[in-house]
Amino acid sequence: MRWTRRRFGSFAGASCLAVLQARAARSQTKARVVVIGGGIGGATVAKYLAASAPKLDVTLVEPNPRYTTCFFSNLYLAGLRSLKSLTHDYETLARSYGINIIHNAAAAIDPVAKIVTLTGGTKLAYDRAVVAPGIAFKYGAIEGYDEAATQIIPHAWNAGPQTELLRKQLESMEDGGVFVIVAPPEPFRCPPGPYERASLVAYYFKQFKPRAKILILDAKDTFFEQDLFQDAWGRYYPGMIEWLPGQFTGGIKSVDVKTRAVKTAGETFNANVANIIPPQMAGELVQRAGLADQSGWCPIDPITFESTLQPGVHVVGDAISAGDMPKSAFASNSQAKVCAFAIEAALTGSEQPAPHLFNTCFTFLAPNDAVSDAMSFKPMGGSIKINDIFISQVGESAEMRRQVAHQADGWYAAFIHDVFG
Amino acid sequence: MTASRFIVLSVALSLVALSADRGITANNERGAKLAAICASCHCLDGRDRGIPSIVGMDREKLADTMAAFKSGVRSGQIMHAVALSLSNEEIATLAEYLAAQLAETKPR
């Protein structure tokens, strides 16, 4: 069934309808929620609020007409998926859920007057605001790598033109060339992402440029699911991928964009194609709106996702300090549902369910070999603590891994349906 | 029965009906919000695109399946994590909600 606003509102039957009508008559105007950012977190909050609480007036502010998911974009780099298949619009959210979609950017939030001002000058009054800006990059943390440099050396850590640029460069690289990936320090979006990227680009190289090499220059000494990746690299791409940990590189210091030379504390590495994934912080708006603390991320109440710095403003997704929760699309979607039901409870008096928070990542090591992890979390002592964690193991059967790859495709379809309708 | 007694009885009965209805509604709403957890992976419109549909299942079968994932009798790391985080009461509410979607998705 489709979880539409109509159905959610109609399940109660006739007598409840009367109660709803009476309540509606009591409140002269609908309570207004303005959601800023139409990524996974923002779109999920808007959809679940509109579906669960038709009495609310829900507006989603997002500059772009479409959203391209960064998750699964490594499959595009490998030539296994089109970018179009990863790109989604907001039409169903507007049409079936009655969400007001405004394609503009938010310039400012006034948490006292409770007004969001858009770059076009429009002012939106709200009873609750939700901010889901995702990540921003700390340009300058690696000397020579600024926003202009991304047009030559892509980060490809927000999907779209950056991902296309990286794919084009990989396609035109000569066989025997070196592809350098600079992996970021914690915390960053999608912990397995840089290493899945190495795996799937290796799959592409193996077919078309078998003498090519991949060099990962890491800021860290270990990485997520390291044993699973290194086992797969040995089995599928022997001798092709080399990973240099932070203790070896001493950290990534600078890049010469023209020559694609990446300088670490000890050595300079020349790349034919480079992909720099810079250190990250919460998206720009939260810095301006006073929602981020000294860490660069947004502190929140883990039961309602309301900012602890600006009352009435909630923050979800990659931009928050989420305790043990990783920065991922799944985590953002999970947080967004808890946040939506908390806002509904605050504005309509409905019962707020006990918060359940999860994360799952499907990670491809090769087209028919995927691994997954499952985590559950609980709010505890003002933060979010991990409850259970289960991760795929080295040595699982090829059949099991093939099944996980099949599930991953099914998950993507269902997840997109859950977020964008 | 006098007219006044009839009115009193009618009012009393409708109050009982109303509160029962509210009970169902509250439980249904709880179920719908728990089902939001499932919707991150399962399409709740009955389609199977690689992850099985969970609407249209018998209520008891669904609750039993969740119990099996919870205890580990049935393997599946994601379902194990989800089932472990839900109380038995939540599983019962969820199963009732998902089973009730069957009637709505059946062709009339």
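In the predicted model, the contact between the two chains takes 36 residues from chain A and 32 residues from chain B. On the side of chain B that touches chain A, at least two residues each come from α1 (3–38), α3 (77–85) and α4 (88–105). The greatest share of this side is given by α1(B), with 10 residues. By residue class, the side of chain B that touches chain A comprises 15 nonpolar, 11 polar and six charged residues.

Chain B contains four helices and zero strands, and its pattern along the sequence is accordingly written α-α-α-α. The chain has 108 residues, of which 35% count as buried. Among contacts in chain B with a separation of 6 or more, 60% are between residues 24 or more positions apart. Helix α3(B), one of the elements that supply the side touching chain A, is largely enclosed by the rest of the structure, because seven of its nine residues are buried. A residue is counted as buried here if 20 or more other C-beta atoms lie within 10 Å of its own. In α3(B) this applies to B:Q77, B:I78, B:H80, B:A81, B:V82, B:A83 and B:S85.

Chain A is assigned two domains: domain 1 is made up of two segments, 5–134 and 283–352, and domain 2 spans 142–280. The centres of domain 1 and domain 2 of chain A, taken over C-alpha atoms, are separated by 33 Å. The contact between these domains takes 17 residues from domain 1 of chain A and 20 residues from domain 2 of chain A. On the domain 1 side, helix α4 (residues 73–77) of chain A gives the most, with five residues. The residues of domain 1 that make up this side divide into nine nonpolar, six polar and two charged.

Strands β6, β7 and β8 of chain A are linked by two successive antiparallel pairings. Strand β6 (residues 106–110) and strand β7 (residues 115–118) of chain A are joined by four bridges, and A:A108 lies opposite A:T117 of β7(A). The two strands form a hairpin with four residues between them, and in the turn A:K114 has a positive phi of about 60°. On the other pairing, β7(A) is joined by three bridges to strand β8 (residues 123–125) of chain A. Here A:I115 stands opposite A:A125 in β8(A). The hairpin of β7(A) and β8(A) also has four residues between its strands, and A:G121 takes a positive phi near 100°.

A parallel pairing is found between strand β11 (residues 178–183) of chain A and β17(A), over four bridges. Within this pairing, A:V180 has A:A274 of β17(A) as its bridge partner. Strand β17 covers residues 273–276 of chain A, and its side chains alternate in direction: A:V273 and A:N275 point one way, whereas A:A274 and A:I276 point the other way. All four of these residues are buried. The bridge partner of A:V180 is thus one of the buried residues of β17(A), A:A274.

Technical notes: Residues numbered from 1 in each chain as written. Chains lettered and ligands numbered in written order. Predicted model: local features only at pLDDT ≥ 70, side-chain atom pairs only at ≥ 80, totals over all residues. Contact = placed C-beta atoms within 7 Å. Nonpolar A, V, L, I, M, F, W, Y, C, P; charged D, E, K, R; others polar. Buried ≥ 20, exposed ≤ 12 C-beta atoms within 10 Å, placed from the backbone. Pairing = 2+ DSSP bridges. Domains from an automatic or database assignment.
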